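Q: Please take a close look at the strands of this model and how they are arranged. After that, go on to the helices and the pocket.

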Amino acid sequence: MPDRQPTLDEQIAIYQREYRDLDPQVEKVVNALSRLDRRMSVAYGRHLGTLDLTNPEWEVLKELVMAGEPYQLWPGTIAKRLGLTPAAMTHRIDRMLTQGLVTREQDPDNRVRVIIGLTDTGREKWLQVMRKASVFEEDLLQDLNTEERGHLGELLTRLLRRVEDAQPDAGGRLTDLE
């Protein structure tokens, strides 16, 4: 048995051998995207690790930044967007509070609710990640010119829209939380 993963072309050839009705172009695109996603996830995880941040913590920071100033959201909103249960969200926020990345304050409009806010430390951590990610992403796309990057971006966005329209809950357990 070989101890290495087959190349993408070898994988497609094996698939075609075993399933003759396979469209090799479709399979190549889908498998290339899958392999790229896995490798990018590993690389991003390594970058986060150098900044003493986990991917789950990064996801929360990202949601708070995307909310815009004053960088605050209810924990339930964050949990829903990330496809998490409220208990998982609470655990994640508790860890981030001890690191000084977020605050948890009582909602002045509803004393039963709390609001999660981004601290200056959390925002700086987000910026550090973005700086590292930008270098990695620029290196990843270095072999593509501006026109190719734009075209690839448009094509991938079309694919993403199709998947999101067909599988609106594919980002997490969103329907379970509604």
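A: In this predicted model, Gln 106 of strand β2 stands opposite Val 114 in β3. Further along the pair, Asp 107 is set opposite Asn 110 of β3. Strand β2 covers residues 102-107 and strand β3 residues 110-118; the two run antiparallel and are joined by six bridges. The link from β2 to β3 is a hairpin of two residues.

These two strands belong to an open sheet of three, with the order β1-β3-β2 and antiparallel pairing. In general, the strands of a sheet pair through backbone hydrogen bonds, in parallel or antiparallel fashion. Here β1 (72-73) and β2 are the edge strands, each pairing on one side only. In the order of the sheet, β3 stands between β1 and β2.

A helix covers part of this sheet. Helix α5, residues 86-98, lies across β2 and β3. The direction of α5 is at about 120° to β2.

Elsewhere, two other helices pack against each other. Helix α2 spans residues 24-50 and helix α6 residues 120-140; their axes are 10 Å apart and the packing angle is about 145°. The crossing of α2 and α6 is right-handed. On the α2 side the contact is made by Leu 36, Met 40, Ala 43, Tyr 44, His 47, Leu 48 and Thr 50. On the α6 side the contact residues are Val 129, Lys 132, Ala 133, Phe 136, Glu 137 and Leu 140. Sorted by class, this contact holds nine nonpolar, two polar and two charged residues.

Helices α2 and α6 also take part in the largest pocket, which has a volume of about 1,200 Å³. The lining of this pocket consists of 29 residues, and those closest to its centre are Leu 33, Leu 36, Asp 37, Met 40 and Leu 156. Two of these, Leu 36 and Met 40, are also in the list of α2 residues that touch α6. The elements giving two or more residues to the lining are α2, α3 (55-67), α6 and α7 (146-166). Among these elements, α2 gives the most, with 10 residues. By class, the lining of the largest pocket has 19 nonpolar residues, five polar and five charged.

Helix α2 thus appears twice in this account: in the packing with α6 and as the element that gives the most residues to the pocket lining.

Methods
Residues are numbered from 1 along each chain as its sequence is written. This is a predicted model: local features need pLDDT of at least 70, side-chain atom pairs count only at pLDDT 80 or more; totals for chains, interfaces and linings use all residues. Side-chain values use heavy atoms; hydrogens and water are left out. Axes are lines fitted to C-alpha atoms, for helices over the stretch in contact, and angles run from 0 to 180 degrees between N-to-C directions. Helices (H or I, at least four residues) and strands (E, at least two) are DSSP runs, numbered from the N terminus. A crossing is left-handed if the near helix is turned anticlockwise from the far one by less than a right angle, and right-handed if clockwise. Contact means heavy atoms within 4.5 Å. Ala, Val, Leu, Ile, Met, Phe, Trp, Tyr, Cys and Pro count as nonpolar, Asp, Glu, Lys and Arg as charged, and the others, Gly among them, as polar. On a 1 Å grid over the protein atoms alone, a cavity is a set of points where a 1.4 Å probe fits but cannot get out, and a pocket is an open set with protein on both sides within 12 Å along at least five of seven lines; lining residues have an atom within 4 Å of a point. Grid points are joined across faces, edges and corners, and a volume is the space filled by probe spheres set on the points. Two strands pair if DSSP finds at least two bridges between them.
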